[in-house]
Amino acid sequence: MKKKIFAGIMTAALAISLLAGCGTYTTSSETASSPAAAESTAAAPEASGTDEAAEPAAETADKETSVTILYNPCVTLNVFQSQSTSDFSDYYLIMSSLFRYYGDEIENDLCTDYTVSDDGLTYTFNLREAKYEDGSDIVAGDFVYYLEYSLNPENGCASQQYFNWISNADKYLAGECEWSDVGVKLIDDHSFSISIDQPDGSVIRRLTGDPIFPIKKEFVEKWGQELGSSPESILCSGAYSVVDLQPDVSLTLKKRDDWWNAENEFPVDNVFIQKVSTASTAASMFENGQADIYPEVDANYIPQLQDYVTTFASGGQYYVWIREQGMSSDEVTKVLDNDNFRLALVYALDRSLIGPALDPNYIGTNRVVYGNYATATGKYVEEYPLESIVPVEGDREKAVEYLNLALEELGYSDVSELPEMLYLTYEDDKMKLLGETIVDTWKQVLGITSIQFQQQTIGTAIGSLYGGQYDIFQISGSSTLLGTEEMSYFQPNGEFSFHSTNWDENVFAKFGEIKNYEFGTAEYYKAVSEAEEAFLNENSLVPLYDITNSTAVSPRVKNYMVSQNTGYMLNYVEIDD
Amino acid sequence: MKKYILRRFFISVFTIWMIATASFFLVHMLPGNPVALNSQRLLSQETMNRMLHYYGLDKPLWQQYLIYMKNLLHGDFGYSIQYTGQTVNKMIATKFPISCQLGMQAYIFSFPIGILFGIISARRRGKPVDYVLVALSAVGVSVPVFIIATVLQLIFAVKLKLFPVALWESFRSTILPTLTLSFSLIAGKSRTMRTLMLEILNEDYMRTAKAKGLNKFQIVWSHQIRNAIIPMIPMMGMEIVSLLMGSFVVEQIFSIPGLGAYFVTSIQSLDYTMTLGLTVFLGIFVVAANFLVDLLYGLIDPRIRVAE
């Protein structure tokens, strides 16, 4: 009998321990996890309320508009530690800054106007009156604090790298000077200044792409390490406030009526961003009406959803980096450093075919600025065509000619004498297909069999990239304008300068010239195109194709736009319910 | 019995320590850098070094191990590297109940149905109903869950609009994932039960029961079904645990915010703290379930204790 009782207790313990963790799913903030749920919550009369009280609530709910977007929500909303592009897409909705993008155009956000000193080294920003979601004022000191916290080496912020161009920021990061020496100065509650060491036309663009988010010191200190991890630990200054946050799963936002431009922009009341990893589920949710916007429609579902699909430039690009200073041996260095050899490799590729064959969202390109990049007067790539670069279709005959010239210059009698070279990329199905296609094309067109294709796990591959352990590297990245961000890595003191050790000095001179012109002017674009031409004629970084973004948009949502700079743009959408 | 329980308990504690230690060193042996890996922007080496210092990842491995074990003893799995600001404990506390609910719903639904189908199939061996159930269980075992899920979504959500396609918002939204997960479970249980029932038919005690003059119901219920279920008990613990942990595919298809997705992404992104926290947590869960099942089985079948 005792044994039976004990057996019963053990069975109960097993069941209880397994059931202990189970329960109805509620969010941490005990709020609805989707606008649909939010609406039903709002419409339901309060338990203690009267019918009269319930009616206005129902009316309000009827007027509220909601949009569900199937996209990757943020990983974290800690403004100092964010590195994911989806975090920055969400910041566009919940955080204000000095400037912001609408499409490719830069608009004033909290900055009403700015002045530049005569020597071009000091930018003074004047701010408008605006409030955080908690009703407190946004002041210039909050911008300065964001920079101070970001650049403090003790804080290990990911955001530190976005501002190391500010005067003395690098020294402060290295612990070689005081904060007071850094080129950031608070003037009063409504203005502050930033200084740089040499005139640079891209300052405003930098501050738009990598925004300074105002944040209160006491708020940061209150939340410490848990900043940005829950709706309570986020202080929104933008158009929306966070209602619920499930990192990398979902994000629920609600429109702020007290945002400075609430009357004119972001008309949707509730925004629900949900990650759906399975393409079939996402397509079914869109068809079923459970989702309104499905960005980055999987290629297999584009025909099924073609009536709703609009294609936007995503700003992403795939490249091949041919390392001029080969890592394997002096012999490889000699080969990769040969201009005609690199020309042979590039001319052998028909980039107009390779990309679309892999995915209809890929468009072959021979430019490092994406095809739809808009200037004030049109598309950059059309306004500034580059005649001298290798055409996107390539040319097989010319490829062979260049190869023969290279072999002659290098002293090889046959292509089979070329040394072994490593073509490296990270583990990914599309990367594999693309890499194998390219290596095979070189084999078919040029007869080169000594290029070995290899994939590594992403961590190892990135380690190899930083360690220079490759001869040719295939990677994806953003195709923003030259002269800033990524391209700066290739300059003589840049992160990847080893990659371009033997580049012609004229390339760097061209980069330097860009800084002399104000961003967005015709002179600026002309300088950019000259630098781009010089850059591409090195044939060391070879653009393969632009990635476009096919987005399915429900007919109830009008004027929706995707920007390569900020992600989804709900600024002026109209909801037709 | 006390000695048996104590021995099993110490073995369980030792197993958990082994899991924690082995996981720690294995995770740190993975190539790559969690800071670089989680960045979708190119970080300079200086920025990376400062971030590694901030997370304490620049300390010698043995120091990191001691800190990790100390925190572990206090039940603190630490902060996630990838999901900045989120503690692993909080992630487990909010996500595990979802995975648990899904797994338990599926198990509670599938266990009796699977057993029932197995009994019917065995009792009607060679009859049309047996062929139908055997065929269904063969389909259930062999068709992958993502096919079942997609078919259920298409029929019940897109065409009939009876349930939501995905997400985890209300009880209705849990029905399709529960059915998906149950499908193979019912099939598996049904096949196992049928086999066990048929094996028992030839046992001596069945002949004895018939010779004693017991009626059919008594023979089937008291001798055949009870004895067939006993071998399934030790499987229960691991089955439930694997259900709780192994529903990742279903969670992914239905966009359920359970623990599965975090487990996989934490490994891919080298989120050491999250990977270790989830491994140790699930390890404790497996060990605890096995401990309880061992005790339970020892009570039900005295031969086990004698052998021990």
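Me: Why does A:Ala140 count as buried?

Reply: In this predicted model, A:Ala140 has a relative accessibility of 0%. Buried means under 20% relative accessible area, exposed means over 50%, and partly exposed lies in between (1.4 Å probe, protein chains only). A:Ala140 therefore counts as buried.

Me: On what conventions do such statements rest?

Reply: Residues are numbered from 1 along each chain as its sequence is written, while chains are lettered from A and ligands numbered from 1 in the order in which they are written. Because this is a predicted model, local features need pLDDT of at least 70 and side-chain atom pairs count only at pLDDT 80 or more, whereas totals for chains, interfaces and linings use all residues; side-chain values use heavy atoms, leaving out hydrogens and water.

Me: Which residues does A:Ala140 touch, not counting those up to four places away in sequence?

Reply: A:Ala140 lies in helix α5 of chain A; helices (H or I, at least four residues) and strands (E, at least two) are DSSP runs, numbered from the N terminus. A contact requires heavy atoms within 4.5 Å. With residues up to four places away in sequence not counted, A:Ala140 touches A:Leu127, A:Leu186, A:Asp188, A:Asp189, A:His190, A:Ser191 and A:Phe192.

Me: What makes β4 and β6 of chain A edge strands?

Reply: An open sheet of 4 strands in chain A has the order β4-β5-β7-β6, with antiparallel pairing. β4 (111-116) and β6 (184-188) of chain A each have a single partner strand, so one side of each is left without a neighbour in the sheet. Neighbouring strands of this sheet are turned by 20 degrees against each other on average, direction ignored. Helix α5 (residues 140-151) of chain A packs on the sheet, touching β5 (122-127), β6 and β7 of chain A, and its direction makes about 165 degrees with that of β6(A). Axes here are lines fitted to C-alpha atoms, for helices over the stretch in contact, and angles run from 0 to 180 degrees between N-to-C directions.

Me: How do you know that β6(A) pairs with β7 of chain A?

Reply: Two strands pair if DSSP finds at least two bridges between them. β6(A) is joined to strand β7 (residues 191-195) of chain A by 4 bridges, and the two run antiparallel, so the condition for pairing is met. A:Leu186 has A:Phe192 in β7(A) as its bridge partner.

Me: How many bridges support the pairing of β8(A) with β9(A), and how many that of β9(A) with β10(A)?

Reply: β8(A) and β9(A) pair in the antiparallel sense over 6 bridges, with A:Gln246 opposite A:Ser250 in β9(A). The hairpin of β8(A) and β9(A) has 3 residues between the strands, and in it A:Asp248 takes a positive phi near 65 degrees. β9(A) and β10(A) pair over 5 bridges, also antiparallel, and A:Lys254 stands opposite A:Asn270 in β10(A).

Me: Why is helix α4 of chain A called mostly covered?

Reply: Of the 10 residues of helix α4 (residues 85-94) of chain A, 9 are buried. Among them are A:Phe88, A:Tyr91 and A:Leu93. The buried residues of α4(A) pack against β2 (99-102), β8 (240-246), β9 (250-255), β10 (270-274) and β20 (567-569) of chain A. β9(A) is itself mostly covered, with 5 of its 6 residues buried.

Me: Why is the pair of A:Tyr423 and A:Trp442 given its ring geometry class?

Reply: The structure holds 51 aromatic pairs over all chains. The ring centres of A:Tyr423 and A:Trp442 are 5.9 Å apart and their planes stand at 65 degrees, so the pair is edge-to-face. Rings of Phe, Tyr and Trp (its six-membered ring) pair if their centres lie within 6.5 Å; planes under 30 degrees apart count as stacked, over 60 as edge-to-face and the rest as tilted. A:Tyr423 lies in strand β14 (residues 421-426) and A:Trp442 in helix α15 (residues 429-446), both of chain A, so the pair ties together parts that are 19 residues apart in sequence. Both A:Tyr423 and A:Trp442 are buried.

Me: What class does the pair of B:Phe9 and B:Phe10 receive, and are B:Phe9 and B:Phe10 buried or exposed?

Reply: The rings of B:Phe9 and B:Phe10 have centres 5.7 Å apart and planes at 70 degrees, so this pair is edge-to-face. B:Phe9 has a relative accessible area of 42% and is therefore partly exposed. B:Phe10, at 53%, is exposed.
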